[in-house]
Each structure stands twice: as structure tokens, then as C-alpha cells.
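Here's a quick briefing to read with the structure open beside you. It goes sheet by sheet, then turns to rings and internal space.

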Amino acid sequence: MGLRVLELYCGIGGMHHALENVGRSYEVVGAMDINSTVLETYGFNFPETKWSNRNIISITAKDLNDLGIDMIVLSPPCQPFCRSGLQLDTQDARTDSFCHLMNILPQVIFKYILLENVKGFEISDTHSLFLNCLRKCSFKWQEFLLTPTSVGIPNSRLRYYLIGKLNDLSWSFQYSENIMTQVPKWDDTIPEETSYGNIVRTEESLWQERRRKLLDQVTEDKRKLPSSRCVGDIMEKYSSDIDTSSYNLSFSILKKYYPAMDIVNIYSTSSCCFTKSYGTYVKGSGSILNESSMPESEGKDTSNSEQLRFFTPREIARLMSYPESFQFSPNATLKQQYRALGNSLNVYVVSILLELLVSSN
């Protein structure tokens with residue numbers, strides 16, 4: 001029998017996609033979110049999963065126990081802890097549902113938990129309450145601060161993660177009381193030979209295929225392409241016939257915000273974190289793509305606005321390790337797509353952590 005998983009604050013289904021990458025049998029027995037727009041995309045990708053547009057404050061311990069769950073995966077609202085916000089923590093009404101969940105979890109029977117949130121959560125009062133909740137559940141845990149660049153993905157997205165399990169279950173790695181900033185065993189051995197090796201091999205095959213398409217299509221200097229993964233690997237112009245001209249930045253935007261832009265190109269091996277305001281705002285919301293393929297120092301030329309554009313939602317989804325099969329609901333507007341991705345997570349990082357969670361010695 002496979003793991004029975006409950007997905008809370010499910011968004012567009014990043015946790016569910018991560019579960020698909022783990023070499024375990026599982027069933028998502030329920031998915032909940034208060035946002036009907038993202039749920040429409042969730043249901044579009046997972047039509048067989050029972051999801052509900054429900055405030056978590058309304059659920060009871062009995063509701064969860066009736067589901068017979070083994071694992072809870074969740075990504076509670078991050079706004080109360082964001083450095084760009086007011087950081088009201090428990091005084092922010094958006095923590096109410098999570099505080100309610102922490103109150104009922106000690107009455108729920110389950111074995112595993114994975115939580116994702118922003119950097120800053122680990123120094124919050126809500127974090128302290130969460131650890132106290134896990135103690136009451138007789139859980140042990142390992143905390144992380146990880147970014148996709150640390151596992152070879154050309155995108156920065158530093159996030160807090162916690163994986164926890166019942167005290168009588170063992171870890172497959174050396175536990176630390178400190179917050180880890182690297183995936184266990186990543187530097188000590190060949191990642192392919194670890195418990196998460198199949199996930200690494202699958203991801204590597206995907207990027208190799210993207211590089212083959214890039215090499216077939218690219219007209220720029222191929223010798224400049226780095227051996228590591230780069231922005232060019234995920235660009236739609238090299239994998240489809242999409243017209244990206246609608247994503248171009250106007251000259252007026254360039255003239256006003258150009259100094260504040262993080263501009264990357266085909267050869268770049270990193271990109272900035274994409275936020276929910278990407279596509280609406282330029283400053284601090286994510287990288288801008290220079291399609292001229294000149295080195296970054298040469299590519300910031302406001303005289304040619306057609307060279308600079310926003311990343312497409314598909315390109316961002318690729319940087320966040322969503323599978324090629326992922327699709328937004330046909331009803332989702334461009335703004336809603338950017339917003340949903342900005343509130344989502346890196347599927348590859350979560351896949352590795354899920355495998356570490358369920359693996360044992």
C-alpha cells in the first residue's frame with residue numbers, strides 16, 4: 001500500500017509534482033487551498049485528485065484522521081515572514097489557518113511532514129510554535145535553507161524547508177540540530193549514488209535533452225555555452241515556435257527601470273528569484289531576458305528594447321523544475337500565471353527532500 005498524502009495550501013500543485021518524482025507509491029487523498037484560481041490549474045493537472053476550495057480553519061482533527069493519512073505536505077502563506085512585507089508574524093491574519101492546524105495536529109495520526117516557506121520563517125514566533133507542535137506529535141525533524149542553484153538549477157530561490165517524521169523512524173543521513181544549507185551527501189559523493197539518485201538522473205536527462213535542442217537551434221556562438229545548465233536551456237525559442245514578442249519590454253519601461261534590472265542571457269548560469277509581481281513590476285521581481293545573447297556587461301542597451309523581455313511562464317516553470325506536462329488552466333490570465341508561479345516552489349528541491357524524508361537506514 002502506498003503513502004497516503006494530504007496536500008495543504010496546495011497552490012498549483014508543486015508538492016504533488018514532486019511526489020511524482022519520488023520512487024514510492026503514493027496517493028494524494030486530498031488537496032486544499034483557499035484560492036480558487038490556482039485550484040483550477042491544480043485540477044487541470046490532477047483531475048483524479050479530490051481537491052477543495054476550503055479554509056483550513058474549518059477542518060478538524062477528525063476530518064484528517066478520517067482520511068487515514070501518512071504524510072502532510074504544506075506551504076503556508078509566506079507574507080507574514082517576507083522581508084519585503086511588514087513581518088507581522090502571528091499578528092498577521094494570514095497565519096490564522098496555520099495556527100489552527102498546529103493546534104489540531106497533535107490529535108492527528110500521521111508519520112511524515114514536509115513544510116516549505118520563505119527565509120525568515122525560521123526566526124519567527126510561528127516557527128517556534130511549529131516546532132513545539134512537532135514535539136507534541138512525537139516527531140523529530142531536520143531543517144534546511146536551500147536554493148535551487150545549490151543543486152545545479154540556474155535560478156536563485158532561497159527557501160526554508162523542514163522534513164519531519166515520528167521519533168521511532170530513522171534517517172538515511174547524518175542528522176544535525178543546525179539548519180542545513182546543502183543537501184545531505186551532495187558534496188561528499190556522486191549524487192546519483194544517493195537515495196535520491198533516481199531523481200538526480202531523471203533531472204539530468206531532462207536538461208541534457210534541452211541542451212541538445214538548444215545546440216540544434218542556436219545561431220549564436222556555441223563555444224560560449226557553459227558546460228553547466230544555463231538560461232538558454234529553458235528558453236522557448238529553442239524548443240518551440242512560440243512568438244515571444246508580446247513579452248518584450250517597452251522603451252519607456254527600460255528607460256525608467258533599466259538600472260534596477262537583473263539582465264541575463266542565453267549563457268547565464270543563474271537568474272533571480274521570480275516573485276508573484278513578475279510581469280507587472282520590473283524592479284526586484286525577477287530577471288529580465290536579453291535575447292541578443294551578448295554577455296551581460298554588453299547586453300544592457302536601452303536603445304534596442306526588442307532585445308529585452310520578460311521570461312514566459314513556461315520558462316519560469318522550467319526553472320522551477322515543473323514537468324513539461326504541466327499546464328495552466330485555459331482560464332488563467334498571464335498575470336495569474338506569473339502570480340501563481342511566484343507563490344510556488346522548486347519541484348526538484350522538494351523531490352530530493354521528500355526522498356530524504358521517507359528513506360531510512
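## Briefing

Strand β1 (residues 3–8) and β4 run parallel, with four bridges joining them. Keep in mind that this is a predicted model. β4 also pairs with strand β5 (residues 112–118), again in the parallel sense and over four bridges.

**The seven-stranded sheet**

- Those strands belong to an open sheet of seven, in the order β3-β2-β1-β4-β5-β7-β6, and its pairing is mixed.
- At the edges you'll find β3 (51–53) and β6, each of which pairs on one side only.
- From one strand to the next, the twist in this sheet averages 15°.

**A closer look at β4**

- Is β4 buried or exposed on its two faces? Both faces of this strand (residues 71–74) are covered.
- Met-71 and Val-73 are buried on one side, and Ile-72 and Leu-74 are buried on the other.
- That split fits a general pattern: in a regular strand, side chains alternate between the two faces of the sheet.
- Ile-72 is a handy residue for finding your way across the strands: Leu-6 stands opposite Ile-72, and Ile-72 in turn stands opposite Ile-113 in β5.

**From β5 out to β6**

- Carry on from Ile-113 and you reach Gly-164, its bridge partner in β7.
- Tyr-112 has its own bridge partner in β7, namely Lys-165.
- Overall, β5 and β7 pair in the antiparallel sense over seven bridges.
- On to the sheet edge: strand β6 (residues 139–146) and β7 run antiparallel and are joined by eight bridges.
- One of the paired positions there is Leu-146, whose bridge partner in β7 is Arg-159.
- As for cover, strand β7 (residues 159–166) is mostly covered, with seven of its eight residues buried.

**The three-stranded sheet**

- There's also an open sheet of three strands, ordered β8-β9-β10 and mixed in its pairing.
- Why do β8 (263–265) and β10 (308–310) each have one side left without a neighbour in the sheet? They stand at the edges and each has a single partner strand, so one side of each has no neighbour in the sheet.
- The twist here averages 40° from one strand to the next.
- Strand β9 (residues 288–290) pairs with β10 in the antiparallel sense, over three bridges.
- Within that pairing, Ile-288 has Phe-310 in β10 as its bridge partner.

**Aromatic rings**

- How many aromatic pairs are there? The count comes to 13.
- Tyr-42 and Phe-46 form a tilted pair, at 5.2 Å centre to centre with 50° between the planes. Both Tyr-42 and Phe-46 are buried.
- Phe-98 and Phe-130 form a tilted pair too, at 5.5 Å centre to centre and 50° between the planes.
- This second pair links distant parts of the chain: Phe-98 belongs to helix α4 (residues 96–104) and Phe-130 to helix α5 (residues 125–136), and they are 32 residues apart.
- Phe-98 counts as buried because its relative accessibility is 2%, where the cut-off for buried is under 20%. Phe-130 is buried as well, with a relative accessible area of 0%.
- Phe-274, Tyr-278, Phe-310, Phe-311 and Tyr-338 form one aromatic cluster. Phe-310 ties this group back to the small sheet, as the bridge partner of Ile-288 in β10.
- For a charge over a ring, have a look at Arg-210: it lies over the face of Trp-207, at 4.9 Å from the ring centre.

**Internal space**

- The structure holds one cavity of 30 Å³ or more.
- What is the space in the largest cavity? About 40 Å³.
- Which residues line the largest cavity? They are Leu-3, Leu-19, Val-22, Arg-24, Tyr-26, Met-71, Leu-354 and Val-358.
- One of these lining residues, Met-71, is a buried residue of β4, which brings you back to the strand looked at earlier.

Terms used. Residues are numbered from 1 along each chain as its sequence is written. This is a predicted model: local features need pLDDT of at least 70, side-chain atom pairs count only at pLDDT 80 or more; totals for chains, interfaces and linings use all residues. Side-chain values use heavy atoms; hydrogens and water are left out. Buried means under 20% relative accessible area, exposed over 50%, partly exposed in between (1.4 Å probe, protein chains only). Two strands pair if DSSP finds at least two bridges between them. Rings of Phe, Tyr and Trp (its six-membered ring) pair if their centres lie within 6.5 Å; planes under 30 degrees apart count as stacked, over 60 as edge-to-face and the rest as tilted. A charge sits over a ring if NZ of Lys or CZ of Arg is within 6 Å of the ring centre and within 35 degrees of the ring normal. Axes are lines fitted to C-alpha atoms, for helices over the stretch in contact, and angles run from 0 to 180 degrees between N-to-C directions. On a 1 Å grid over the protein atoms alone, a cavity is a set of points where a 1.4 Å probe fits but cannot get out, and a pocket is an open set with protein on both sides within 12 Å along at least five of seven lines; lining residues have an atom within 4 Å of a point. Grid points are joined across faces, edges and corners, and a volume is the space filled by probe spheres set on the points.
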